[in-house]
Amino acid sequence: MRRILTRFWKSPWYPRLVFGLSLLPLLYLIRKWQRNDLGINSIEFVSRFLGLWTLRFLMLTLAVTPLRRLPAMGGLLRIRRMLGLFTFFYGCIHGWHYFAIDAQWSRQVITEDLTYRRFFIAGFTALLLMVPLALTSFDRAIRWMGGRRWTLLHRLIYVSAVLAVIHYLWQAKTIVAGPVDYAAILLMSFLARILWVILARLRRRNLVEAAAEVI
């Protein structure tokens, strides 16, 4: 099994497959639009659809780090950047749909929504925090910024994820399964990271103590 996974991770078709699969939600939405099958409230349907897929890609992006630490799963790191960019891609379409289709570029509507409606504020802030991450998602940016500063900047994804889940929770107005499920997934992702840090520190401490005993 390990050999099969290793071959798959190294295959040139692996990222292409992920890229193609990542476009399927958009193609599905376009197909429903062509068939005039978006439901009675098409604006709300498209908005929720795009927002949900933005959140799903965000959860997938965050899941790469803890999952890649499992045996033979290191190849997931190869698609983390792609998943992050698809998160931003769907988030931008979601935002454009709100401004252009829902609010119709009405300054009064947009100002009111982004001033008084808390779930709009949370969602818009989450999207804004993704901008510097997308702009610095290439190798040259890492070399230019330095690994430490780049890593610190890209921790904004955690803040963006929390705000995105809050946006979904507040939009639902009442506690329902969908938003709570994503909140639970995000919490498990954070707990996995914390557990890994704790285990790594324990291993380092044990190595130091073992070296001290040898000396």
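This report describes the helices of a predicted model, with attention to helix α3 and its contact with helix α9.

Residues are numbered from 1 along each chain as its sequence is written, and side-chain values use heavy atoms, with hydrogens and water left out. In this predicted model, local features need pLDDT of at least 70 and side-chain atom pairs count only at pLDDT 80 or more, whereas totals for chains, interfaces and linings use all residues.

The protein has ten helices and zero strands, where helices (H or I, at least four residues) and strands (E, at least two) are DSSP runs numbered from the N terminus. Its C-alpha atoms fill a box of roughly 75 × 40 × 40 Å, taken along the principal axes.

Helix α3 has 27 residues and reaches 39 Å from its first C-alpha to its last, close to the expected 39 Å, a span defined as 1.5 Å times one less than the number of residues. At L62, shortly before the proline P66, α3 has a kink of about 25°, the bend being the angle between axes fitted to the seven residues ending there and the seven starting there.

The axes of α3 and α9 come within 11 Å and cross at roughly 145°; axes are lines fitted to C-alpha atoms, for helices over the stretch in contact, and angles run from 0 to 180 degrees between N-to-C directions. The contact (heavy atoms within 4.5 Å) is made by these residues:

| Helix | Residue range | Contact residues |
|---|---|---|
| α3 | residues 42-68 | R48, L52, L55, L58, M59, T61, L62 |
| α9 | residues 156-172 | I157, Y158, S160, A161, A164, V165, Y168, Q171 |

These residues divide into eleven nonpolar, three polar and one charged, with Ala, Val, Leu, Ile, Met, Phe, Trp, Tyr, Cys and Pro counted as nonpolar, Asp, Glu, Lys and Arg as charged, and the others, Gly among them, as polar.
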